[in-house]
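Work through the exercises below with the structure open beside you. Try each task before reading its solution.

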Amino acid sequence: MFKALLLTKTEGAAPHCAVTELDEAQLPAGEVLVQVSHSTLNYKDGLAITGKAPVVRSFPMVPGIDFAGTVLESSDARYRAGDAVLLNGWGVGESHWGGLAQKARVKADWLVPLPAGMAASQAMALGTAGYTAMLCVMALQQHGITPEQGPVLVTGANGGVGTIAIALLSRLGFTVHASTGRLNEAEHLKALGAADLIDRATLSAPGKPLQKERWAAAVDSVGSHTLANVCASIKYDGAVAACGLAQGMDLPASVAPFILRGVALLGVDSVMAPYARRAKAWERLARELPPEVLARNTETIALAQAPAVAARLLQGQVRGRVVVDVNA
């Protein structure tokens, strides 16, 4: 038996979420059984746990799109008992039981070895948000963006993607501007590496299709009018890595920035990213982000606290990252 956060739903009612004792035999099919030590809460987890959006495809469901732990059993030659592993995405926590539990059984293809020297708790202090932030940084670098071209904007700066993106970019020598609705968090964002703060209200309303050139590039986790205004304000030959939709999934923009300034809009998907890209992102995260940066950007909670913290996360009341110790 093991503990798990279980979502159940009856016809016409909202999902119910509670810590439940489950039997290992109830786990879904997969080649690898993992003893989970830590998981985390992402925006999508918040939506699943609170029922604010229909991200869960079937019930009952164990939420949690991330986990880190140790292999207990494996029928796949790539993994053996005792191996330290982590997982992000692949529909886990949505259509396949996820990481907010003490055990998980998943496909071997979905796993990535835990980087050498990185603890499971550190991996989940990054989680899908941190891994996505690194994918965004990699996309900008592959496009040829360099610190000499000018500042880089990070929207949703107090969120999981935003905070890690600030830390990564600043350590790579970029001047980082941070857009947030919580200007009272200025001290924290500047400690992570932000050089300047911008009130998100200046970007979140409808704007002109082409605006003053302000940034060489941007990492956007917000979407909607914010992304449209960001694209309209990127310098010639710049780029925007787009990975989220906190404001909305619409894009009320024009083609002007793309055909008049050569701006590139780079879509970043973390859920189905191929293994090689995942492994590279995690190797870089292990190498480029000091543990002390993660420590001051992370709150650790017990499994039973996840529903309450998920609600706070959706209300914009959580700073940085939340690690869930599933054994606490």
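**Exercise 1. Take stock of the fold.**
Count the helices and strands, then judge the overall dimensions of the chain.

Solution. This is a predicted model. Start with secondary structure: the protein chain has nine helices and 15 strands. Next, take the extent. The C-alpha trace spans about 60 × 45 × 35 Å along its principal axes. Now test for compactness. A compact globule of 328 residues would have a radius of gyration near 20 Å, and the protein chain has 20 Å, so the two agree. Then check burial: 54% of the 328 residues are buried. Finish with contacts. Among those with a separation of 6 or more, 70% link residues 24 or more positions apart.

**Exercise 2. Find the nonpolar cores.**
Which members of the largest nonpolar core touch the most other members?

Solution. The largest core holds 53 residues, and Leu140, Ile166 and Leu289 touch the most other members. Helix H2 (residues 120–142) gives the largest share of this core, 15 residues. Apart from it lies another core, of 45 residues, including Leu5, Leu6, Leu87 and Ala108. The general background: nonpolar side chains tend to be buried together in soluble globular proteins. Now zoom in on isoleucine 166. Leaving out residues up to four places away in sequence, isoleucine 166 touches Val154, Ala157, Val176, Ala178, Leu189, Leu192, Gly193 and Ala194.

**Exercise 3. Place a polar residue.**
Is asparagine 158 buried or exposed?

Solution. Locate it first: asparagine 158 sits in the loop between strand E8 (152–154) and helix H3 (160–171). Its relative accessibility is 2%, and the cut-off for buried is under 20%, so asparagine 158 counts as buried. Now look for a polar partner. The side chains of asparagine 158 and threonine 180 share a polar contact of 2.7 Å. Beyond four places in sequence, asparagine 158 also touches other residues, among them Arg182, Glu185, His188 and Arg319.

**Exercise 4. Check the backbone.**
Where is the cis peptide bond that involves proline 60? Which loop or helix holds tryptophan 90, and which holds serine 224?

Solution. Begin with omega. The bond from phenylalanine 59 to proline 60 is cis, with omega near -5°. Proline 60 belongs to the loop between helix H1 (43–50) and strand E4 (66–74). Turn to phi. Tryptophan 90 is not a glycine, yet its phi is positive, near 65°. Tryptophan 90 lies in the loop between strand E5 (84–88) and strand E6 (103–106). Serine 224, also not a glycine, has a positive phi of about 50°. Serine 224 is in helix H5 (residues 224–232). At 4% relative accessibility, serine 224 counts as buried.

Key. Residues are numbered from 1 along each chain as its sequence is written. This is a predicted model: local features need pLDDT of at least 70, side-chain atom pairs count only at pLDDT 80 or more; totals for chains, interfaces and linings use all residues. Side-chain values use heavy atoms; hydrogens and water are left out. Helices (H or I, at least four residues) and strands (E, at least two) are DSSP runs, numbered from the N terminus. Buried means under 20% relative accessible area, exposed over 50%, partly exposed in between (1.4 Å probe, protein chains only). A nonpolar core is a set of buried Ala, Val, Leu, Ile, Met, Phe, Trp, Tyr and Cys residues joined through side-chain atoms within 4.5 Å. Contact means heavy atoms within 4.5 Å. A polar contact is a pair of N or O atoms within 3.5 Å; within protein, one must be able to donate a hydrogen and the other to accept it, and residues adjacent in sequence count only if both atoms are side-chain atoms. The radius of gyration is taken over C-alpha atoms; the globule rule is 2.2 Å times the number of residues to the power 0.38.
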